[in-house]
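Hi,

Here is the structure I said I would pass on. Have a look at it first, and then read my notes underneath.

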Amino acid sequence: MSAVGDWTLHYSWGNTNNFGQTPLSLKSNGTFTGSLAGKWRQQDGTLLLSFDTGPAKYGGTVDASVASGAMSTFGGLAGTWYMLKQGVVGATAEVVGSVDAAGNKA
C-alpha cells in the first residue's frame, strides 16, 4: 500500500512522552508538503523521510494508515515518531518542544 496522502506526523526528540505534531501531505512524485517540505521514499514496508531544511532523517515502517520509527540528526539528536493517516480516530499527542520535526532548534 502506498503512503501517498495526508498524514499527521507526531515526533518526540529525546524519546519522551511529549510529542509535537505537524501535518504532511505525501505526494506521488516522492515529495511532501505541509508546514515542512521534503522527500519521502517507500519500499515494501519501509518508509524514509528527509526534510529540505534541517538535519533530521526519519526511518520506519508503514502499515496501512499507521507508520512509526526512529529519527536522528546524526549529530547527536535522536527520537521517535509515528504518523497517522488523516481521518484516523483515537490517537492524541501533546504539542511541545524546542526542536521542530526537521531537527531545527526552535
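Let me start with a question: in which sense do E1 and E8 pair, and over how many bridges? The two strands are antiparallel, with seven bridges between E1 and E8. One place to look is tryptophan 13, which stands opposite glycine 79 in E8. E1 also has E2 as a partner: these two run antiparallel and are joined by seven bridges. In that pairing, tyrosine 11 has glycine 20 of E2 as its bridge partner. E1 and E2 form a hairpin with six residues between them, and glycine 14 in the turn has a positive phi of about 85 degrees. E1 is mostly covered, with eight of its nine residues buried.

Before going further, please keep in mind that this is a predicted model.

Now the overall picture. The protein chain has eight strands and zero helices, so to speak a plain β-β-β-β-β-β-β-β when read along the sequence. Of the 106 residues in the protein chain, 39% are buried. Among the contacts with a separation of 6 or more, 42% are between residues 24 or more positions apart. The exposed surface of the protein chain comes to about 5,600 Å², and carbon and sulfur atoms supply 53% of it.

On to the inside. The largest nonpolar core has 23 residues. Those with the most contacts inside this core are Leu9, Leu26, Leu47, Phe51, Tyr58, Trp81 and Met83. Six strands each supply at least two of the core residues: E1 (5-13), E2 (20-26), E5 (46-51), E6 (57-63), E7 (66-72) and E8 (78-85). E1 gives the largest share, four residues. That fits a familiar trend: in soluble globular proteins, nonpolar side chains tend to be buried together.

If you want one core residue to click on, try leucine 47. Leaving aside neighbours within four places in sequence, its contacts include Leu26, Trp40, Tyr58, Val62, Trp81 and Met83. Polar residues and glycines are on the list too, among them Arg41, Gln42, Gly59 and Gly60.

The aromatics deserve a look as well. There are four aromatic pairs in the structure. In one of them, the ring centres of phenylalanine 19 and tyrosine 82 are 5.3 Å apart and the planes are at 65 degrees, so this pair is edge-to-face. Phenylalanine 19 lies in the loop between E1 and E2 while tyrosine 82 is in strand E8, so the pair ties together parts 63 residues apart in sequence. Both partners are buried: phenylalanine 19 has a relative accessible area of 14%, and tyrosine 82 has 18%.

Another pair is tyrosine 58 with tryptophan 81, which is tilted, with 5.8 Å from centre to centre and 55 degrees between the planes. It also links distant parts of the chain, with tyrosine 58 in strand E6 and tryptophan 81 in strand E8, 23 residues apart. Tyrosine 58 and tryptophan 81 are both buried. These two belong to one aromatic cluster together with Phe32 and Phe51.

Is serine 25 in strand E2 buried or exposed? Serine 25 is buried, at 13% relative accessible area. Its side chain makes a polar contact of 3.3 Å with the side chain of lysine 27. Beyond neighbours within four places in sequence, serine 25 is in contact with Gly5, Asp6, Thr31, Phe32 and Thr33.

Then there are two backbone spots to check. Most residues other than glycine have a negative phi. Aspartate 44 has a positive phi of about 55 degrees although it is not a glycine. Its place is the loop between strand E4 (38-43) and E5, and aspartate 44 counts as exposed, at 72% relative accessibility. Phenylalanine 74 has a positive phi as well, near 60 degrees. This residue is in the loop between E7 and E8, and phenylalanine 74 is exposed too, with a relative accessible area of 68%.

Last, the segment after E8, where you will find asparagine 104. Asparagine 104 is partly exposed, with a relative accessible area of 25%. From asparagine 104 to threonine 73 is 9.3 Å, C-alpha to C-alpha, with the two 31 residues apart in sequence.

Cheers

Methods: Residues numbered from 1 in each chain as written. Predicted model: local features only at pLDDT ≥ 70, side-chain atom pairs only at ≥ 80, totals over all residues. Heavy atoms only, no water. Core = buried A, V, L, I, M, F, W, Y, C linked by side-chain atoms within 4.5 Å. Buried < 20%, exposed > 50% of the residue type's maximum accessible area, 1.4 Å probe, protein only. Contact = heavy atoms within 4.5 Å. Areas by Shrake-Rupley, 256 points an atom, 1.4 Å probe, with all protein chains shown as cover. Polar contact = N/O pair within 3.5 Å; in protein donor to acceptor, adjacent residues only side chain to side chain. Phe/Tyr/Trp six-rings, centres within 6.5 Å; stacked < 30°, edge-to-face > 60°. Pairing = 2+ DSSP bridges.
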